[in-house]
Amino acid sequence: MSQSSEEESDISESEINDYVDKPYEKLQSQAYKVQVHGTLKCPFCAGKKKQGYKYKELLQHASGVGKGAASRSGKQKANHLALAKYLEIDLADLADETLTRPLPQVTNPSSDQEDKFAWPWMGIVMNMSGQEENDYWSRTFAKYKPAKVHVLWNENHQASQAVLHFDSDWNGFTKATDFEKAFESHRHGKKDWKARENDPGSSFYGWCARSDDYNSDGPVGEYLRKETKLTTISGIVQETNQNRNTVVAGLTEEIAKTNQDLDKLQSMYNENAMTLSRTLEEKDKLHNAFVEETRKMQRVARDNVHRILAEQERMNNELELRKKKIDNWTKELNKREALTDRERQRLDEDMKKNDVVNNSLNLASMEQKKADENVLRLVEEQKREKEEALNKIIQLEKQLDAKQKLEMEIQELKGKLNVMKHLEDQDDAAVKKTMKEYHDELEQKIEDLNSVETLNQTLIVKERQSNDELQEARKLLIEGLCDTLSDKARTIIGIKRMGELDEKAFYNACKKKYPPGDAEVTAATLCSSWQENLKDSEWYPFKVIIVDGTEKGIVNDEDEKLKGLRQEHGEEIYSAVVTALKELNEYNPSGRYIIRELWNYKEERKATLKEVIAYIMKQIKTLKRKR
């Protein structure tokens, strides 16, 4: 198969390491030619101008492309990684003299005299006992900072030995030596263990794993031979230097690509700055519109308060005029002289009637006075609550604007810092100074953002307290007006029992199937049975759908109970049950029992506190006119 046909079906980044073996086998079988007439070439870059490479150059090319930028395809990276592997393993004898020359020994003239360690670095703990889980031993040896603790169990399922894994870098070596020194300082090192092996006591013994541990018999030696290899310090240094040369070659190509990406980042930064400027202008326009609308709402609220007070004053004046007129009638009746017993008796009856009327008017006047005081108090409370809510909204809006502005400035500073980081390699003092200024400014902005976030949380808590007070007022209104506003009266504003089935729907459906006497009994029985079904928390006839990115629960039409109800009793009873289910799911989904709610029957929705108070005031005025 040709190279072009292979690139048509590309691979993902996660599959690169799995794919490397395939081109590596083809390189070994000479399906891809690397050596041609004594020179080295890249078999995967046939269209390039440069075809002849030295060993070092070809290795740098293969490593650089294999770890290159995202613009390279997955197969290109995998093929070049296979080429690098082939050069390092199969063509290692062709390496340049600079790569194959051994490093000079600094401390020991012969590597055979050096200690050989198990690498990656391992620590051995002996004389353990107990049946605790691995987590217990991990916590026990956590102070030595191992990467992993592997416990070796004996035939009695007790922990007898443990191998501590440390990182394979020099930090891991430091931790391993500190681990060994800690045990040696308490005379529980390797020499102490060998001296007291027959009677070690109950303490732990520990040391770094070396060649004698690696070649020893028993579970520790088997585990070390499986997980590690023997090497010297100088060997690791030499291997690190070779790996560093390979990495430097790859980084050289990466730097060139980074410089290209820097120009792209600068262009993206300019575009984002223009977008940010336009966004801030739009935000200012929206804020000004919000402030104007808030002022308009405040003017309307003041006008409503003045109108209510004027209406109250007019009604008080009208009541006073009626009282004066009744007083005049009473005085006129007292002046009359009764010429006959019949006239005198009639006069007494009229006076009694007038007294009763006068007492009723006095009581009405007192009730009116109390009602006026309550209305004024409610109006003042409503006005205060509205002002507090508006002030909190304005404060929250300001805090949100400040927070958004700080977040935008932080993003802008981060963008600048990313650009400056690419310029840091130029070793320019001015660039470093600018980066420090940007960094200090970024920290200050983050502190300001945290302060704004704290204030915002405080305002949100106050807003929740206000909402709790409104809910408590709503609850008190429902309890106090339960007898006055009921759903049976079918007034405009009333108290509806949410989740209660409509008995009329059951009666209408049963009336079509049963005689009049049986229909009423059957409807009552069926309604009571389904009311109990609604309370059953184990029955959940709902399903969740996604609407505008938000989960929403709706009634499941495919529920077996509901399908049976619709088939047996018809659409009217089915609709009544579905309506009650929706009400319970909205107002009391956890308890599934009936609750009372202030309801606007005219618009078939939940009534607001403002609507309830307005309706009560209207009823009081109507009652006054009747009296």
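**Reading strands, helices and confidence in a predicted model**

Author: In this predicted model, strands β10 (residues 542-547) and β11 (residues 550-555) run antiparallel and are joined by six bridges. Strands (E, at least two residues) and helices (H or I, at least four) are DSSP runs, numbered from the N terminus. Two strands pair if DSSP finds at least two bridges between them.

Reader: Which residue of β11 is the bridge partner of Val547?

Author: Thr550 is the partner of Val547. The hairpin has two residues between its strands, and Asp548 takes a positive phi near 55°.

Reader: In what order do the strands of the open sheet lie?

Author: The order is β9-β12-β13, three strands with antiparallel pairing. β9 (493-498) and β13 (605-606) each have a single partner strand, so one side of each is left without a neighbour in the sheet. Two bridges pair β12 (residues 595-600) with β13; Trp599 has Lys606 of β13 as its bridge partner.

Reader: Which helix lies across these strands?

Author: Helix α18 (residues 571-587) lies across β9, β12 and β13, at about 95° to β9. Axes are lines fitted to C-alpha atoms, for helices over the stretch in contact (heavy atoms within 4.5 Å). Angles are taken between N-to-C directions and run from 0 to 180 degrees.

Reader: What span should helix α5 have?

Author: The expected span is 1.5 Å times one less than the number of residues. For the 16 residues of α5 (residues 74-89) that gives 22 Å, and the end C-alpha atoms are 23 Å apart, which agrees. Buried residues (under 20% relative accessible area, 1.4 Å probe, protein chains only) in α5 include Gly74, Ala78, Ala82 and Leu83.

Reader: Where does Arg210 lie, and which side chain does Arg210 join by a polar contact?

Author: A polar contact is a pair of N or O atoms within 3.5 Å; within protein, one must be able to donate a hydrogen and the other to accept it, and residues adjacent in sequence count only if both atoms are side-chain atoms. Arg210 lies in the loop between β7 (205-208) and α10 (211-214), and its side chain has a polar contact of 2.7 Å with that of Glu180.

Reader: Which element has the lowest mean pLDDT?

Author: pLDDT is the predictor's confidence in each residue, from 0 to 100. Helix α6 (residues 97-100) has the lowest mean, 40, and β7 the highest, 90. Local features need pLDDT of at least 70 and side-chain atom pairs 80 or more, while totals for chains, interfaces and linings use all residues. Residues are numbered from 1 along each chain as its sequence is written, and side-chain values use heavy atoms, without hydrogens or water.

Terms used
Buried < 20%, exposed > 50% of the residue type's maximum accessible area, 1.4 Å probe, protein only.
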